[in-house]
Amino acid sequence: MTNLPKIFFSLFFSMILFQCLGSRRPLVPSYIDPQGSLREATVGEKYMVSTGNPLATKAAIKVLESGGNAVDAAVAALLVLNVTNGEAASFPSVAPTLVYDKKTGQVKSYIGAGTAPKKANIEWFKEKGYDVMPKNSILTQLLPASPDVIVRLLQDHGTKSFTELVQPAVSVAEEGFPANRILVKNLDLPLYKRLGFTLIMPYNSEVYLEKKWWYGIREGELTKRLDLAKTWKAMANEEIKASKTGKTRKQALESVRDYFYKGPISDAIVKLHTDKSGLITKEDLANYAGGWEKPVSGEFRDYQILSNQTWTQGPVVPMVLQLLDGVDLKSMGHNSPEYIHTVSQAIELVVADRERYFGDPKFVEVPLEGLLSKKYAILRRKLIQREAFGVTPPYGNPWVYDSKKSNSTQIQPNEPKEQSISEIKYGKDTTYLSIVDSFGNAVSLTPSDFPQSPMVPGTGLTLGIRMTQFRLDPTHPSSLAPGKRPRITPNPGMVLKQGKLWMSFGTPGGDVQSQAMIQFFLNVIVFGMDPQKAVEAPRFRSVNWPDSFSPHTYRPGGIELEETLYAAVADSLKEKGYKVYKKGHLDNDFGSICAVIKDTKSKKLIGVADPREESWAEGK
């Protein structure tokens with residue numbers, strides 16, 4: 001017995017040594033320079049793809065080369081991203097989508113976020129002792145959305161079968177892919193947390209650590225997702241069987257959806273929730289539906305900026321740009337202290353309104369017309385001041401500019417406060433894809449969710465923790481309610497110029513998504529930058545409001561700057577009253593923009609991809 005501590009120490013030391021020196025698999029070269037080498041924009045005449053991973057971009061291009069359209073290619077790319085970027089954007093979670101239809105010249109929004117189970121309500125969580133939504137918990141799993149998104153996109157705008165489009169993802173999942181630097185970063189946990197992760201969520205550990213919790217995955221190592229491939233094969237088999245019985249293409253696609261929401265996959269999800277005292281039921285899954293909606297729209301000069309509705313933070317982008325329209329930003333100088341201050345204050349004013357008004361429009365009265373009124377933008381613009389706000393500025397009253405009037409009593413929201421919560425951050429972020437096809441159609445899609453709650457055993461499915469974007473505060477527009485969608489952060493964007501598609505763009509990054517998109521847009525339009533240089537330019541981000549994820553941490557007056565920007569402007573911003581934080585050079589905490597732009601003069605397509613992550617643009 002006296003030798004047991006020595007034996008344990010020896011074993012523990014050996015494991016650490018193995019982690020540092022050993023390798024259990026052959027290394028495979030990464031696609032991108034680990035230092036994020038700068039790139040040239042890609043130019044094409046027929047089609048263009050920019051996604052969060054080279055393998056997803058390649059899959060989309062093959063679909064386009066075989067005659068598929070942007071929707072077909074987007075589905076193929078999305079499914080590959082669910083493999084290569086699964087720790088950041090897993091199947092079958094959120095997938096908010098915008099589609100530009102060349103024939104009609106219209107942009108359509110698809111609701112790509114699930115709803116809360118019927119059993120989920122504020123009172124239930126309060127009785128369990130929660131003040132905020134818990135993390136690492138089955139209780140924060142939203143109903144899955146992306147299978148619905150995929151089927152409806154293909155039924156309404158696609159040309160190919162699910163079986164054909166899922167094949168590239170199945171191949172990548174079975175054959176393996178090289179772990180890139182972002183995956184390694186996202187899965188980087190200290191040894192004790194990897195052990196805890198394995199004990200709390202053993203199946204998650206089996207998928208992402210291959211049952212070897214003492215070993216940290218290295219860049220370039222071959223990584224597989226075999227259970228996820230099996231799940232997709234089973235879904236595809238349903239489509240094949242339906243086609244053989246004489247069903248139409250749309251009916252066969254519906255059988256894929258039914259297999260997920262009403263068949264064996266739903267059974268596996270419900271068994272997990274039954275075994276672990278979760279909330280999702282068969283009825284929840286069988287009754288789930290997304291749906292098409294009219295996108296939100298604002299203007300900046302000759303450009304029309306579009307987003308999903310207020311179940312995302314998407315309207316922040318057109319609102320901020322509309323607020324800044326008419327301000328002489330160029331004279332301030334790019335990324336000067338005055339420019340950063342002005343843009344940050346515009347963002348903070350709009351986010352104050354986001355926090356007061358944005359929520360699922362099926363549950364919350366949103367004064368959308370007022371929020372996007374140019375008169376309201378002018379009114380809010382007048383609140384930009386010489387010094388930092390120091391705290392989240394007051395929200396406005398857009399109802400004055402809205403044709404409909406609020407029927408609800410205006411409840412004063414609770415003051416934000418910092419919360420703490422126990423969690424294991426295993427995987428994070430989001431990813432993105434943008435595609436423009438040879439017919440002129442386009443798709444902008446921002447998939448997300450990460451394995452921070454129990455995965456469905458044997459399936460490779462990650463239901464995520466997206467309910468952490470609900471509040472347990474009944475005065476908040478994103479307060480939890482049965483059947484309601486949280487106001488999620490993923491928000492794809494599109495831009496029209498004089499009524500025609502000009503750009504499809506987006507980024508991962510939580511609350512920074514809108515900020516990165518705004519800065520990229522202004523870099524191109526106001527400062528006339530080459531689009532790739534506009535992506536690579538140093539960024540800033542305000543943190544002067546409660547974070548969208550539980551526990552909604554709040555750093556009043558805070559602003560983060562990339563390293564090169566910090567050296568140039570930090571002192572000036574501190575003098576204005578900001579609390580300034582320094583981040584690394586080309587840090588993906590500032591997002592990773594992907595975009596496809598249709599040049600109005602040359603008519604060529606320009607694809608750009610951000611070196612802050614392993615994103616990749618390619619076209620023809």
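In the loop that runs between helix H12 (264–275) and helix H13 (282–286) sits Ser277, a residue of what is a predicted model. Although Ser277 is not a glycine, its phi is positive, at about 60 degrees. Ser277 counts as exposed, because its relative accessibility is 57% and exposed residues are those over 50%.

A positive phi in a residue other than glycine is also found at Leu586, where the angle is near 50 degrees. Leu586 belongs to the loop between strand S16 (579–583) and strand S17 (594–598), so a reader following the chain will meet this residue after the one strand and before the other. Is Leu586 buried or exposed? With a relative accessibility of 11%, Leu586 counts as buried, because the term applies to residues under 20%.

From these phi angles we can turn to the peptide bonds. The bond that leads from Phe91 to Pro92 is cis, and its omega is near 15 degrees. To locate Pro92 in the structure, look at the loop that lies between helix H3 (70–84) and strand S3 (97–101).

Further along the chain, which residues does a cis peptide bond with an omega of about 10 degrees join? They are Ser550 and Pro551, and Pro551 can be found in the loop between strand S14 (540–542) and strand S15 (558–562).

How values were computed. Residues are numbered from 1 along each chain as its sequence is written. This is a predicted model: local features need pLDDT of at least 70, side-chain atom pairs count only at pLDDT 80 or more; totals for chains, interfaces and linings use all residues. Side-chain values use heavy atoms; hydrogens and water are left out. Helices (H or I, at least four residues) and strands (E, at least two) are DSSP runs, numbered from the N terminus. Buried means under 20% relative accessible area, exposed over 50%, partly exposed in between (1.4 Å probe, protein chains only).
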